[in-house]
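Open the model in your viewer and keep the sequence panel beside it. The tour below goes stop by stop, with a selection to make at each one.

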Amino acid sequence: MIRINECDNSLADGDDHNGITTFDFSSATQDILNLFPADQKLLVTYYENMEDALSLQGQINSSSYRNESSPFSQQLVVRIDNENNNACVGLGYHITLIVNPLPEFDLEIHQILCLNQLPEPLIISAENAQDNYTYEWRDANGDLLTTNETSILNIIKEGDYFVTAITDENCERTKKISIEASDIAHIERVDIEDVSENNTITIHVNGEGDYEFSLDDIYGPYQEENYFDGVFGGTHIVYIKDKNGCGVQT
């Protein structure tokens, strides 16, 4: 029995979970011929079932065959004929096609790297793996960052990263995660206009974050504008929160 293994894929039908793929098992022909004396002129052909093999109908193209009639696993009939005397010298289910599944895991497509927390890295990983895989992480340039049995990667730089999970049968699935940098707000100055009918506060900040503002309450409500009017006299605290979760500046 000759076993031919391929990985499931979506190249032909857009579905990499259905157990159907394209096989090229033409190399099996020489393996079969090697079982017979070299001085015979033999013809090896393949069929989906014994009825086709006996009637010489529906011959399979061994270099490009899709197992659409039997997902995940299929046995094929091998027929060997001696072309010198037109005799059938071999017939049986001697080829088994196996479609191995691709790795299954989850990966967030987007995470935030807080610059104010460096050098402490952002730890990312593949989650909910359905089996034990080997993982390869690469950066946007395709450079290999790590190969490991665990999927963890420490990130200290924004950008796109790619993780490839690999099964014991060398079937692979790759997913991308985009890391965006953010930062706690840096206050440049606070403009105050007081002793007027309408006291105002304007907070000027910079940084790589996306900020919102609250007056006198760290829990909010927060607003998009960096400007407060109608402010009562007295001492006030302004809270500037990074929307990406990198912290609150006061």
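**Charges and overall form**

Start by colouring the charged side chains: the protein has 12 positive and 45 negative ones, and the centres of the two sets lie 7 Å apart. Keep in mind that this is a predicted model.

Next, show the C-alpha atoms alone. Along the principal axes they fill a box of roughly 115 × 30 × 25 Å. The radius of gyration is 33 Å, whereas a compact globule of 250 residues would have one near 18 Å.

Switch to a cartoon view, where two helices and 19 strands can be found. With a surface switched on, the accessible area comes to about 14,600 Å², and carbon and sulfur atoms hold 45% of it. Of the 250 residues, 36% count as buried. Among contacts with a separation of 6 or more, 57% are between residues 24 or more positions apart.

**The disulfides**

Select the cysteines. How many disulfides does the structure hold? There are two, and counting bonded cysteines along the chain, they follow the pattern 1-3, 2-4.

Go to Cys-7 and Cys-171, whose sulfur atoms are 2.1 Å apart in a disulfide. This pair links distant parts of the chain, 164 residues apart: Cys-7 is in strand β1 (residues 2-7), and Cys-171 is in the loop between β12 (159-166) and β13 (172-182). The torsion about the S-S bond of Cys-7 and Cys-171 is about -90°, so this disulfide is left-handed. Cys-171 has a relative accessible area of 0%, which means that Cys-171 is buried.

Move to the disulfide between Cys-114 and Cys-246, again with 2.1 Å between the sulfur atoms. Here too the pair links distant parts of the chain, with Cys-114 in strand β7 and Cys-246 in the loop between β18 (238-242) and β19 (248-249), 132 residues apart. Are Cys-114 and Cys-246 buried or exposed? Both are buried. The torsion about the S-S bond of Cys-114 and Cys-246 is about -90°, so the disulfide is left-handed.

While the cysteines are selected, look at Cys-88. Its relative accessibility is 40%, so Cys-88 counts as partly exposed; the range for that class runs from 20% to 50%.

**Cis peptide bonds**

Select Leu-118 and Pro-119 and show the backbone. The peptide bond between Leu-118 and Pro-119 is cis, with omega near 10°. Pro-119 sits in the loop between β7 (110-114) and β8 (122-124).

Then select Gly-220 and Pro-221. What kind of peptide bond joins Gly-220 and Pro-221? The bond is cis, and omega is about 15°. Pro-221 belongs to the loop between β16 (211-215) and β17 (227-228).

**Positive phi outside glycine**

Stay in the loop between β16 and β17 and pick Asp-216, which is found there. Phi of Asp-216 is near 70°, a positive value in a residue other than glycine. Asp-216 has 40% relative accessibility and so counts as partly exposed.

For the last stop, pick Leu-56, in the loop between α2 (50-55) and β4 (65-66). Leu-56 is a residue other than glycine with a positive phi, near 55°. With the surface switched on, Leu-56 counts as partly exposed because its relative accessibility is 48%.

Definitions and conventions. Residues numbered from 1 in each chain as written. Predicted model: local features only at pLDDT ≥ 70, side-chain atom pairs only at ≥ 80, totals over all residues. Heavy atoms only, no water. Helix = DSSP H or I, 4+ residues; strand = E, 2+ residues; numbered from the N terminus. Buried < 20%, exposed > 50% of the residue type's maximum accessible area, 1.4 Å probe, protein only. Disulfide = S-S within 2.5 Å. Rg over C-alpha atoms; globule rule 2.2 N^0.38 Å. Contact = heavy atoms within 4.5 Å. Areas by Shrake-Rupley, 256 points an atom, 1.4 Å probe, with all protein chains shown as cover. Lys, Arg positive; Asp, Glu negative; His and termini not counted. Charge placed at Lys NZ, Arg CZ, Asp CG, Glu CD.
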